Amino acid sequence: MRASSSELLRFVAIESGPDQFMAVPDPARRRPGRGAHLHPDPACLALAERRRAFGRALRIAGVLDTGPLAEAVTLAAAEQSQ
C-alpha cells in the first residue's frame, strides 16, 4: 500500500552551481520546480541514495547534495519517535 502524500516529505532541487544541486525540504509544498516525495525515515533516504533515485525523480543530471534533506529526515524521524 502506498503512503498518502501528507505522510511524505516533499523536497525540490535547488541549483547551487553549474551542474550542482541541493535537495531542499519543502514542508509547505510551495517551492517552485519539480518536487519529489520521500518517507521521513533515514532508512528510506539511504535506500534512495543507494538506488540513485533522486536524479531520476527530479530529472536532473549532475551532483546532488542531500545534506539539507538528510537533516530534515533526521528531525522528522526524531519527532515521530517522541
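**Residue environments and the main pocket in the predicted model**

T66 is located in the loop that runs between β4 (63-65) and α3 (67-81); helices (H or I, at least four residues) and strands (E, at least two) are DSSP runs, numbered from the N terminus. The model is predicted, so that local features need pLDDT of at least 70 and side-chain atom pairs count only at pLDDT 80 or more, while totals for chains, interfaces and linings use all residues. Residues are numbered from 1 along each chain as its sequence is written, and side-chain values use heavy atoms, with hydrogens and water left out.

T66 has a relative accessible area of 13% and is therefore buried (buried means under 20% relative accessible area, exposed over 50%, and partly exposed in between, with a 1.4 Å probe and protein chains only). The side chain of T66 forms a polar contact of 2.6 Å with the side chain of E49. A polar contact is a pair of N or O atoms within 3.5 Å; within protein, one must be able to donate a hydrogen and the other to accept it, and residues adjacent in sequence count only if both atoms are side-chain atoms. When neighbours within four places in sequence are left aside, T66 is in contact (heavy atoms within 4.5 Å) with A23, E49 and F54.

A second buried position in a loop is D26, found between β2 (20-25) and β3. Its relative accessibility is 4%, so D26 counts as buried. The side chains of D26 and R10 are joined by a polar contact of 2.3 Å. R10 also appears among the contacts of D26 outside the four nearest places in sequence, together with F11, V12 and R31.

The loop between β2 and β3 also holds R30. R30 has a relative accessible area of 71% and is therefore exposed. Between R30 and V12, which are 18 residues apart in sequence, the C-alpha to C-alpha distance is 9.9 Å.

Two residues other than glycine have a positive phi value: for D19 phi is near 60 degrees, and for R59 phi is near 55 degrees. D19 is placed in the loop between β1 (9-17) and β2, and R59 in the loop between α2 and β4. D19 is exposed, with a relative accessible area of 53%. R59 likewise counts as exposed, at 64% relative accessibility.

The loop between β3 and α1 contains D41. At 33% relative accessibility, D41 counts as partly exposed. D41 and L9 are 32 residues apart along the chain, and their C-alpha atoms are separated by 9.5 Å. Within helix α3 lies A76, which is buried, with a relative accessible area of 19%. The C-alpha atoms of A76 and C44 are separated by 13 Å, with the two positions 32 residues apart along the chain.

The largest pocket has a volume of about 150 Å³. Its lining consists of F11, A36, H37, L38, C44, L47, A48, R51, A53, F54, R56 and A57. Two or more of the lining residues come from each of β3 (35-38), α1 (42-51) and α2 (53-58). On a 1 Å grid over the protein atoms alone, a cavity is a set of points where a 1.4 Å probe fits but cannot get out, and a pocket is an open set with protein on both sides within 12 Å along at least five of seven lines; lining residues have an atom within 4 Å of a point. Grid points are joined across faces, edges and corners, and a volume is the space filled by probe spheres set on the points. By class, nine lining residues are nonpolar, one is polar and two are charged (Ala, Val, Leu, Ile, Met, Phe, Trp, Tyr, Cys and Pro count as nonpolar, Asp, Glu, Lys and Arg as charged, and the others, Gly among them, as polar).

The unreviewed UniProt entry places the feature "domain: YlxR" at residues 3-60; UniProt positions are given in the numbering used here, feature names are shortened, and annotations may be inferred rather than shown by experiment. Over residues 3-60, helix accounts for 28% of the chain and strand for 33%. The end C-alpha atoms of residues 3-60 are 25 Å apart.
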